[in-house]
Amino acid sequence: MKEFQGKQPNQFQLPDQISRLGELAYNLWWVWEKEAQKLFTLIDEHLWEETYHNPVLFLRQVERSHLNAVTYDLFYMETYQRVMNKFDNYMNEEDTWFKEKHAELKNWPIAYFSSEFGLHETLPIYAGGLGVLSGDHVKEASDLGLPFVAMGFLYTQGYFSQHITEDGWQEARQSDLKFDNLPVFPILKEDGSPITISVDLPGREVHARIWEIRVGRVPLYLLDSNVEENNEEDKKLTARLYSSDLDLRISQEIILGIGGVRALRVLGYNPGVWHMNEGHSAFLSFERIRERVSGGQSFEDAQQSVIQNNVFTTHTPVPAGNDEFPLWLMDKYFSNYWLELGLDREKFISIAHRQLSWGESFSMPVLALGMSKYANGVSELHGHVARKMWQFLWPKKKVEDVPISHITNGVHTGTWLARRLKDLFDMYLPENWWNRIDDPAIWENVIDIPNEELWEVRKHLKRKLVAYMRDRARQQWKNDGVHPVQVVASGTLLDPYALTIGFARRFATYKRAELILTDMDRLLKLINQPNRPVQIIFAGKAHPADEPGKLLIQEVYRKVKASENGGRLVFLEDYDMNLGRYLTQGVDVWLNTPRRPNEASGTSGQKAALNGVLNLSIMDGWWREGYNGKNGWAIGEDKDYEDPAIQDSEDLESLYSLLENEIIPLYYDQRPSDKMPVEWVQYTKECIRTLAPRFSMRRMVKEYAEDLYLPVIQAKSKS
Ligand SMILES: *Cc1c(COP(=O)(O)O)cnc(C)c1O
């Protein structure tokens, strides 16, 4: 592998003693290294909040006098030295998991393609769970020392920010990101001009430049069509995520799949594994075949060798998540390209042809499945659902023999664990626990944490959440001219000591955000008990083109605004990774009510579990594997329904009765000294002990490496 070194701009005027802060700002390692963040907050905590935790913008704006001051501060300079040493050790580490186990395979990097990456709130190039999973995957690949390179988009506008009108209607606000102020840098030629790649779109060539984000040891390359050579329309091709305009969408996927391969070639990579994270990047197979056909191979031979090192992960059974392009669109975009593959139209279309209710389609997941050596779903149940869903592609196989396995999702511990809890674990878990976070034995020691100390941290995190919400509400009231009732709906009346339930996720209809609000009489009785108040915090965006999703937000918001709930129902605008962190660390119970089996995995509940927040969830996705009867609660049964109406009503009954008979009493009644709910704390410990290792990103990426990546690379390095 040729390590391509992009040039990092060094435009900060920093005192010599702390000049390496500039380097730190341009490597996202600080995202999961809490002490590194302190190097910024110790200089100016207010500015750190104001820049939304963006170190590049921070260093641009910080007062010189503040910088000078810390150079005289002994504590600061000690911290600085320690963090920089840690950073250097991390970047140069020789005994990573990969180097120790598989050093001989280091020359065959894994190329990981995804249409979104959720790395940090300051980089809004993700929409939801898929992006956060990709971001966590890249961070963990870095931690484990995998030879790894990632490819995606630097959307010039990013994902929208959400504003809710008084009437509960979601407004999407878009603005241009200022790349100069973000921890990204352009890949340039010697003469300073951008390196570009190009793809053919109907009647023209479209160019894209390449940006880099350093994620620890891993480079993430991002494509951006906003370049001089393109016409005005094409400059906007990569402006936003997931357009519902088919031309835009297929153009993006051509840029990602075909352009992404070209970009890696320009950068000098020869990957040993090509991992398509969801079907958006599936055109990459065509480009890899085209490379071989243009070198003289037949299509069939080229296809056979390309398949050997492709890996595909499917993430959802929901149709909106599986791209299907009408055939006229394929004709429009690929009629020249299929000739380059040595194919005619019929042969080309047949590769991913599918008959759907609305007509014939070219199916991106079918393409990806057909072109991959290994394919997997993202939980045990989802693996089963995916095998059933795609069985028609293997008509001779029984469902259980369809070649789609599963690797259950996880979350990146360093990114999602609250600092105060990490400090507590540092005291009570074995010394090297941070290097063994996927080892269940390490977590046995959670039992030894004194109840009072764990409970103190849990209370602290809830107070922090409530304080943050009030602060946001105050800003809204001051700056946005919102109606007073919206200030109440943003959580100003929340009680930092009341049992608090969180529900935050994309407002896709299958997630049934409205389920808990179905029987308002029963719910109001339950939340308004004088000595046992319950409060529920909702958050989440609907895709801007998803009218049912937006109507759902409106329905929830109207109930949130109603005065009879006493301000105990709340809707927080603009759910993102920052709010996600506050919520999954700060509430007591994490609620998840998807219509089984549509939630392929879900990961927000895993973040909650890591922080000792108890899951109250449908037996779907990861929770079917995580629930053990003592570490949270399962809503409904682990079974299939024919009739969704019956499913909804049974789930609803189960949800209310768990709250009434188990959860609220456990929280309020079991307090011998009128202080700490001892039984609740036992649940908390059981939750962390059993779930933190198993649903860690470390366990997950090791499984990807051992079950998928390494077999592929080993076969390749032998051939
Ligand atoms: C973790 C996360 C998600 C995914 O959570 P689900 O449980 O899959 O809904 C979505 N959005 C944000 C901002 C997240 O942090």
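The following dialogue examines a three-stranded sheet and the ligand shell of a predicted model.

Tutor: In this predicted model, local features need pLDDT of at least 70 and side-chain atom pairs count only at pLDDT 80 or more, while totals for chains, interfaces and linings use all residues. Residues are numbered from 1 along each chain as its sequence is written, and side-chain values use heavy atoms, with hydrogens and water left out.

Student: What makes β12 and β13 paired strands?

Tutor: Strands are DSSP runs of E with at least two residues, numbered from the N terminus, and two of them pair if DSSP finds at least two bridges between them. β12 and β13 (residues 359-363) have four bridges in the antiparallel sense, so the definition is met. Q355 has E360 in β13 as its bridge partner.

Student: Why do β11 and β12 stand at the edges?

Tutor: The open sheet has the order β11-β13-β12. Because β11 (324-326) and β12 (353-356) each have a single partner strand, one side of each is left without a neighbour in the sheet.

Student: What makes the approach of S604 to the ligand a polar contact?

Tutor: A polar contact is a pair of N or O atoms within 3.5 Å. An N or O atom in the side chain of S604 is 2.5 Å from a ligand oxygen atom, so the pair qualifies. For the side chain of K607 the corresponding distance is 2.6 Å, and for that of K511 it is 3.2 Å.

Student: How do you know how much of the ligand is covered by the protein?

Tutor: Accessible areas come from the Shrake-Rupley method with a 1.4 Å probe. On its own the ligand has 380 Å² of accessible area, of which the protein covers 94%.

Definitions and conventions:
Polar contact = N/O pair within 3.5 Å; in protein donor to acceptor, adjacent residues only side chain to side chain.
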